[in-house]
Amino acid sequence: MATRHHTLIIVGGGPAGLTAGLYAARARMDHLLIEKGAEGGQVLLTDWIDNYPGFPEGISGFDLAEKMTAQAKRFELNSMFGNVVSMDLSSPVKLLELDNGESISCDALIICTGARPRALGVPGEKELAGKGVSYCATCDGPFYRDLHVAVVGGGNTAIQEAAHLTKFAAKVTVIHRRDALRATQIIQEKAFANKKIDFIWNSVVTSIEGKEGVEQLRLLDTGGKESTLKVEGIFVLIGVLPNNEMLPLTDLNADEGGFIPTDCETRTSIPGVMAAGDIRSKEVRQVVNAAGEGATAVLAAENYLTNLS
Ligand code: NAP
């Protein structure tokens, strides 16, 4: 038996969830947003955002998250801290279980659980996490003032964060497994022009070594040649994994990577269940997309609920 019921529940309070919350609150729907950490999600880990419209000078991830939260709260967003551990979506009334044993039901659900950084999975990575191994340049960059750090990855996050790290580090070496970056052209150009950044191409990190902290990396290039690189820190920025542990993945037809497919209205394969933001199966994971999808999801939920009654 659920301890309480809401017409609409939103799980996750990143840009998708907060925008869904704003739209639901403003539409005066009986709603609840459940977030297990700080509202803002991955945006909180982003140093600076230059491509979110309406901020011509750019805005820090922290400030954007704060503004999104304040805007939703202005319309009386109903939110709570809670960790959803499982969902039963097999009947029209959807049931969510929290880790404190509480269960909450709803008629419509918007999944905005987002994604998290992918790890390398090499020896030394876990042991030296927080002692030179980092997944967030914004959080940890200032610890590496005048030191040499490595960044692993060739996507937008890795290359943008490599540039950010040059504000602190003496030198930033980007290690990429191919000979071309995945990052967009403008981000690449800035990095190539930055004298503090150099590149090691066609190479992977095979282990991270050090006693009290990171001292050196072992590398293997595509020709089979091994080498070492002395650095004081390594930032692993190689993409994201879905936060899907609480989701019934088979029922939701999750893709190979565990992300949730939807139609362009954010509707999943289960009636009354929408997915928005980084948890969706898609190519482009931008804050602006996540926000747009959050809005679309509430409108899809309203349509679903209207047709129910
Ligand atoms: P991503 O685009 O998926 O890039 C991941 C990078 O890591 C790729 O270069 C990939 O190499 C590499 N990689 C993956 N697994 C690896 C492994 N095991 N070992 C070594 N390298 C590995 O991820 P992302 O950069 O985190 O970006 C995620 C999404 O956010 C993207 O859609 C991105 O466009 C978006 N984003 C946008 C902005 C912006 O526009 N300002 C900023 C940040 C992120 P390969 O290239 O060889 O596959």
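**Ligand contacts and domain contacts**

Trainee: How do you know that an oxygen atom of the ligand makes a polar contact with the side chain of Asn 156?

Mentor: The ligand oxygen sits 2.8 Å from an N or O atom of that side chain. A polar contact is a pair of N or O atoms within 3.5 Å (within protein, one must be able to donate a hydrogen and the other to accept it, and residues adjacent in sequence count only if both atoms are side-chain atoms), so this pair qualifies. Arg 182 passes too, with a side-chain N or O atom 2.6 Å from a ligand oxygen. For Arg 285 a polar backbone atom does the job, at 3.0 Å from an oxygen of the ligand. The free ligand would expose 910 Å², and the protein buries 77% of that (Shrake-Rupley method, 1.4 Å probe).

Keep in mind that this is a predicted model: local features need pLDDT of at least 70 and side-chain atom pairs pLDDT 80 or more, while totals for chains, interfaces and linings use all residues. Residues are numbered from 1 along each chain as its sequence is written, and side-chain values use heavy atoms, leaving out hydrogens and water.

Trainee: What makes a residue count as near the ligand, and which come nearest?

Mentor: One of its heavy atoms must lie within 4 Å. There are 17 residues around the ligand, and Asn 156, Thr 157, Arg 178, Arg 182 and Gln 286 come nearest. Domain 1 (4-117 + 240-308) and domain 2 (133-236) each give at least three residues to that shell; the bounds come from an automatic or database domain assignment.

Trainee: How do you know that domain 1 and domain 2 touch?

Mentor: Contact means heavy atoms within 4.5 Å, and 4 residues of domain 1 meet 7 of domain 2 that way. Together they bury about 490 Å², 53% of it on carbon and sulfur atoms (accessible area, 1.4 Å probe, lost on being put together and summed over both). Leu 45, Asp 47 and Pro 117 supply 78% of what domain 1 buries there.

Trainee: How many salt bridges join domain 1 and domain 2?

Mentor: The count is 0, so no Lys or Arg side-chain nitrogen lies within 4 Å of an Asp or Glu carboxyl oxygen across that boundary.

Notes
Buried area is the accessible area (1.4 Å probe) that two parts lose on being put together, summed over both.
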